[in-house]
Amino acid sequence: DDGDICTEDWSGSFRVSFGLVTLAIQLGLPFLYSLFVYIKILKTLQKKTIKDNPTSRLITSVHLARRREQRARKRSRSRVLLAMLLVFIICWLPLNLINVLEDLEVPLICWPYYYFTFFCLHIFAMISTCANLCCIGLV
């Protein structure tokens, strides 16, 4: 006797629907919400940049240097916010992909490294929390 194995025993359209809803809640909604918030942040920061005085024809070198500095900071912030979104997608997509493949009844469990791969992908997804904190530290 090899012992008993406890597994889920459900299939059909309900399982596929459940998998797609889980994918939307776990990956889609956080991504869209983060994208919305990051766009709002960038717009708010953009409003705080120096505005040119249209009546002034004289632009000092200090003013130009300050504008260059602001543009560089804006580019840096944009890159960090984009990196945070990409880190989230890169970290969570593999785990969600393997879950959807399971829900579509692709026989992954027969693969000898399935449990190890699932474990590694789960850890990788959890790393996104730490990676986002590192990205925030770059701002």
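Which residues form a nonpolar patch on the surface, and with about how much accessible area together? The patch consists of L82, L86, I90, W111, Y113, F116, F119, I123, F124 and I127, and their accessible area together is about 1000 Å². Two elements, α2 and α3 (114-137), give two or more residues each to this nonpolar patch. Helix α3 supplies the largest share, five residues.

**Overall fold**

The model is predicted. The protein has 139 residues, and 19% of them count as buried. Its secondary structure comprises three helices and zero strands. Read from the N terminus, the order of elements is α-α-α.

**Helix α2 and the positive patch**

Helix α2 covers residues 61-103. R79 sits in this helix. Its relative accessibility is 59%, so R79 counts as exposed; the cut-off for exposed is over 50%. R79 also belongs to a positive surface patch. The other members of that patch are R68, R71 and R75.

**Helix α3 in detail**

Three residues of helix α3 deserve a separate look: I123, S128 and C120.

I123 is a member of the nonpolar patch. Its relative accessibility is 40%, so I123 is classed as partly exposed. That class lies between the limits of 20% and 50%.

C120 falls in the partly exposed class too, because its relative accessibility is 32%. Its C-alpha atom is separated from that of L95 by 9.0 Å. Along the chain, C120 and L95 are 25 residues apart.

Is S128 buried or exposed? S128 is buried, because its relative accessible area is 4%; buried means under 20%. The side chain of S128 has a polar atom 2.9 Å from the backbone oxygen of A125.

**Accessibility at a glance**

The table collects the residues discussed above.

| Residue | Relative accessible area | Class |
|---|---|---|
| R79 | 59% | exposed |
| I123 | 40% | partly exposed |
| C120 | 32% | partly exposed |
| S128 | 4% | buried |

**The two patches together**

The surface thus offers two patches to inspect in the predicted model. One is positive and is formed by R68, R71, R75 and R79. The other is nonpolar, and its members include W111, Y113 and F116. Helix α2 contains R79 of the positive patch, and α2 also gives two or more residues to the nonpolar one.

How values were computed. Residues are numbered from 1 along each chain as its sequence is written. This is a predicted model: local features need pLDDT of at least 70, side-chain atom pairs count only at pLDDT 80 or more; totals for chains, interfaces and linings use all residues. Side-chain values use heavy atoms; hydrogens and water are left out. Patches are made of residues with over 30% relative accessible area and no salt bridge: like charges are joined within 9 Å, nonpolar side chains (Val, Leu, Ile, Met, Phe, Trp, Tyr) within 5 Å. Accessible areas come from the Shrake-Rupley method with a 1.4 Å probe; for residues, only the protein chains shown count as cover. A salt bridge is a side-chain nitrogen of Lys or Arg within 4 Å of a carboxyl oxygen of Asp or Glu. Lys and Arg count as positive and Asp and Glu as negative; His and the chain ends are not counted. The place of a charge is taken as NZ of Lys, CZ of Arg, CG of Asp or CD of Glu. Helices (H or I, at least four residues) and strands (E, at least two) are DSSP runs, numbered from the N terminus. Buried means under 20% relative accessible area, exposed over 50%, partly exposed in between (1.4 Å probe, protein chains only). A polar contact is a pair of N or O atoms within 3.5 Å; within protein, one must be able to donate a hydrogen and the other to accept it, and residues adjacent in sequence count only if both atoms are side-chain atoms.
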